[in-house]
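Work through the following exercises with the sequence and the model side by side, trying each task before reading its solution.

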Amino acid sequence: MSEQSSDDRCPIAILISGRGSNMRALIDACAAPDFPARIVMVLSNRPDAPGLEVARAAGLRTEALDHRPFGRDRAAHERAVDATLRAAGVEVVCLAGYMRLLTPFLTEAWAGRMLNIHPSLLPAFPGLHTHERALEAGVKLHGCTVHLVTERMDDGPILGQAAISVQIGDTPDHLAGRVLEQEHRLYPAALRRFLRPETPPADGGSLLVA
Ligand code: GRF
């Protein structure tokens with residue numbers, strides 16, 4: 001008799017542009033039988049993104065949708081991305097170092113179903129070079145944020161944050177390394193909570209990982 005179990009894990013896609021270490025953390029999390037997501041695709045706007053090879057080695061379907069042939073027509077590239085995601089039955093999208101400014105087309109198409117990870121404690125330091133800017137500003141706490149994506153860059157409802165303390169003598173590279181370790185813990189935890197909000201939180205509900 002063949003065993004058929006219904007799979008109630010959410011089909012997700014991970015969008016990357018680079019090395020994909022957060023993608024790797026999500027791949028590892030999804031390997032646990034009780035994790036509420038399964039990865040149906042890793043998609044990159046950069047065909048040479050090192051993370052694509054990591055995803056392939058993990059046995060995942062990969063898609064490279066180069067943005068360059070679309071020139072300045074960002075929405076046309078996004079329509080191709082959107083069609084690819086929908087055709088694969090994706091329900092939730094995780095941006096993980098996806099270095100594209102999104103247009104309202106994609107943010108509206110996936111409103112409430114697209115997550116991003118950002119290397120700062122938002123709303124502080126949206127945009128690039130967050131670790132340098134945190135040091136320049138003299139903040140004592142720094143970290144990372146998982147949030148829902150809206151039309152505004154690095155904005156939208158916060159799903160979780162992880163904080164580290166800034167040490168005397170820290171450089172941007174030191175900070176980046178310590179924040180990245182927290183990113184790898186936070187993203188799977190935030191995704192789990194997002195997909196299974198009824199799961200009793202281990203952290204009192206704030207999803208502050210530190
Ligand atoms: C991470 O710092 C993430 O927060 C930011 O881009 C970087 C991607 O790194 N959005 P990786 O490709 O996941 O290693």
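**Exercise 1. Find the polar contacts between the ligand and the protein, and state how far the ligand is covered.**

Solution. Begin with asparagine 22 in this predicted model, where a backbone N or O atom of that residue lies 2.8 Å from an oxygen atom of the ligand. Go on to isoleucine 117, which also uses a backbone N or O atom, this one placed 2.9 Å from a nitrogen atom of the ligand. Then turn to glutamate 183, where an N or O atom in the side chain is 2.7 Å from an oxygen atom of the ligand. Because a polar contact is a pair of N or O atoms within 3.5 Å, each such pair can be checked against that limit. As for cover, the ligand on its own has 360 Å² of accessible area, and the protein covers 85% of it.

**Exercise 2. List the residues around the ligand, sort them by class, and trace them to helices and strands.**

Solution. The list consists of Arg19, Gly20, Ser21, Asn22, Gly97, Ile117, His118, Pro119 and Glu183. Sorted by class, this shell has five polar residues, two nonpolar ones and two charged ones. When the shell is traced to elements, those that give two or more residues are α1 (21-30) and β5 (114-118).

**Exercise 3. Describe the pocket in which the ligand is found.**

Solution. The first step is to identify the space, and the one taken by the ligand is the largest pocket. The second step is its volume, which is about 990 Å³. The third step is the lining, made of 36 residues, of which Gly97, Met99, Ile117, Pro119 and Leu128 are the closest to the pocket's centre. Two or more lining residues come from each of α1, β5, α5 (130-137) and α6 (172-195). By class, the lining of this pocket has 15 polar, 14 nonpolar and seven charged residues.

**Exercise 4. How many cavities of 30 Å³ or more does the structure hold, and which residues line the largest cavity?**

Solution. The count comes to one cavity of 30 Å³ or more, and about 40 Å³ of space lies in the largest cavity. Its lining is formed by Arg74, His77, Glu78, Tyr98, Arg100, Leu101, Leu102 and Leu106. Helix α3 (residues 74-87) gives the most to this lining, with three residues. Sorting the lining of the largest cavity by class yields four nonpolar, three charged and one polar residue.

Notes: Residues numbered from 1 in each chain as written. Predicted model: local features only at pLDDT ≥ 70, side-chain atom pairs only at ≥ 80, totals over all residues. Heavy atoms only, no water. Near = heavy atom within 4 Å. Polar contact = N/O pair within 3.5 Å; in protein donor to acceptor, adjacent residues only side chain to side chain. Areas by Shrake-Rupley, 256 points an atom, 1.4 Å probe, with all protein chains shown as cover. 1 Å grid on protein atoms, 1.4 Å probe; cavity = no way out; pocket = protein on both sides within 12 Å on 5 of 7 lines; lining within 4 Å. Sits in = over half its atoms within 2 Å of the grid points. Helix = DSSP H or I, 4+ residues; strand = E, 2+ residues; numbered from the N terminus. Nonpolar A, V, L, I, M, F, W, Y, C, P; charged D, E, K, R; others polar. Points joined across faces, edges and corners; volume = space filled by probe spheres on them.
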